[in-house]
Amino acid sequence: MTYADLQLELRDDIAIVRLTRAAKRNALSDALILALRHTFEALPSTVRAAVIDGDGPHFCAGLDLSELQERDAGEGLRHSRTWHAALDLVQSGPVPVIAALHGAVVGGGLELASACHIRVADSTTFYALPEGSRGIFVGGGGSVRIPKLIGTARMTDMMMTGRVYNAEEGERVGFAQYLVAEGTAFDKAIELAKRVAANAPLTNYALMHALPRISEQPADHGFFTEALMAGIAQSAPEAKERVKAFLDGRAAKVSKE
Ligand code: 1HE
């Protein structure tokens, strides 16, 4: 399947999903949201991790505002749910996803980045939620995901005052886990994706599906769910082999280099 504004490239077991609508700053049209959804639904089973990247000077300018004009309330609600369905497949789909950020990561672009598991930002990155000044609200899961990264107070401030965070500030408050030099976010994302892809699939599954649930459970439930997940993970043959490899001196030690 090919799409006008999205490219899928496979490099061994890494999928590279690239927004290719640079002339419109990778603004997310309905067609592009659908393309994202279909791409993550149909990733080949050989893929172990994915990287999302954007062509041109900006990662993503958010919702395609030219499509907003004609919707009534019911259509707006259904439209928001199409974003939820697509971004849920990024967050809870087949594989861990790493966002390679640069330039504008704004509005729905920030919602897309927030659905990824790891965010790598280069020094040109900036984050904003212009929904506040456009008279609208987030609709792509931002009110659920963004407070988990930076807290409700910071998100409220961003939307009420139009505050823009630069790359350093964005890393400090928790938008990105990695901050790298200009033009190097993609390479760093690929490097990380290779490491993620080398994990036992059940470990990645636990991190994508168990950890977010556990962190929202009351402690007593969380401890129990953790114990269930730990029991399942360590009983897998791959876990036994990896532990044996370490004990036999065949696996890498933890190193601060
Ligand atoms: C767009 C969009 C867009 C650019 N929808 N067409 N998002 C926003 O409110 C952000 C709006 N965009 C901007 O503030 C700026 O475009 C950027 C800071 C991202 C980039 O600036 P710059 O100077 O590099 O580009 P530009 O000249 O502003 O834009 C280039 C073209 O892209 C131009 O079209 P052209 O035909 O005149 O060349 C722009 O109109 C077009 N463009 N951004 C449509 N967003 C699920 S709810 C989510 C709610 C939201 O995401 S609201 C926030 C929307």
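**View 1. Polar contacts of the ligand with Gly108, Arg134 and His58.** In this predicted model, a polar backbone atom of Gly108 is placed 2.7 Å from an oxygen atom of the ligand. Two side chains also take part: Arg134 brings a polar side-chain atom to 2.6 Å from an oxygen atom of the ligand, and His58 has a polar side-chain atom at 2.9 Å from an oxygen atom of the ligand. Taken on its own, the ligand has 1000 Å² of accessible area, of which the protein covers 65%.

**View 2. The shell of residues around the ligand.** The ligand is surrounded by 22 residues, and those that come nearest are Lys24, Ala61, Leu63, Gly108 and Arg134. Sorted by class, the shell holds 10 nonpolar, 6 polar and 6 charged residues. Two or more residues of the shell are given by each of the elements β5 (104-106), α3 (108-115) and α4 (131-134).

**View 3. The three-stranded sheet and the helix that lies across it.** The strands follow the order β5-β7-β8 in an open sheet of 3 strands with mixed pairing, and the edge positions belong to β5 and β8 (165-166), each of which pairs on one side only. Strand β5 runs parallel to β7 (residues 126-128), to which it is joined by 3 bridges, and Val105 is found opposite Tyr127 of β7. Helix α3 lies across β5 and β7, and its direction makes an angle of about 90 degrees with β5.

**View 4. Packing of helix α2 against α3.** The axis of α2 (residues 73-92) comes within 8 Å of that of α3, and the two axes cross at roughly 35 degrees. On the α2 side the contact is made by Trp83, Leu87, Val90 and Gln91, and on the α3 side by Gly108, Glu111, Leu112 and Ala115. The contact between these helices comprises 5 nonpolar, 2 polar and 1 charged residues. Gly108 thus appears both in this helix contact and among the residues that come nearest to the ligand.

**View 5. The six-stranded sheet and its edges.** An open sheet of 6 strands, again with mixed pairing, is ordered β1-β2-β3-β4-β6-β9. Because β1 (6-11) and β9 (178-180) stand at the edges with a single partner strand each, one side of each is left without a neighbour in the sheet. Averaged over neighbouring strands and with direction ignored, the turn of one strand against the next is 20 degrees. At one of these edges, β9 pairs with β6 (residues 118-122) in the parallel sense over 3 bridges, with Val120 standing opposite Tyr178 of β9.

Methods: Residues are numbered from 1 along each chain as its sequence is written. This is a predicted model: local features need pLDDT of at least 70, side-chain atom pairs count only at pLDDT 80 or more; totals for chains, interfaces and linings use all residues. Side-chain values use heavy atoms; hydrogens and water are left out. A residue is near a molecule or strand if one of its heavy atoms lies within 4 Å of it. A polar contact is a pair of N or O atoms within 3.5 Å; within protein, one must be able to donate a hydrogen and the other to accept it, and residues adjacent in sequence count only if both atoms are side-chain atoms. Accessible areas come from the Shrake-Rupley method with a 1.4 Å probe; for residues, only the protein chains shown count as cover. Helices (H or I, at least four residues) and strands (E, at least two) are DSSP runs, numbered from the N terminus. Ala, Val, Leu, Ile, Met, Phe, Trp, Tyr, Cys and Pro count as nonpolar, Asp, Glu, Lys and Arg as charged, and the others, Gly among them, as polar. Two strands pair if DSSP finds at least two bridges between them. Contact means heavy atoms within 4.5 Å. Axes are lines fitted to C-alpha atoms, for helices over the stretch in contact, and angles run from 0 to 180 degrees between N-to-C directions.
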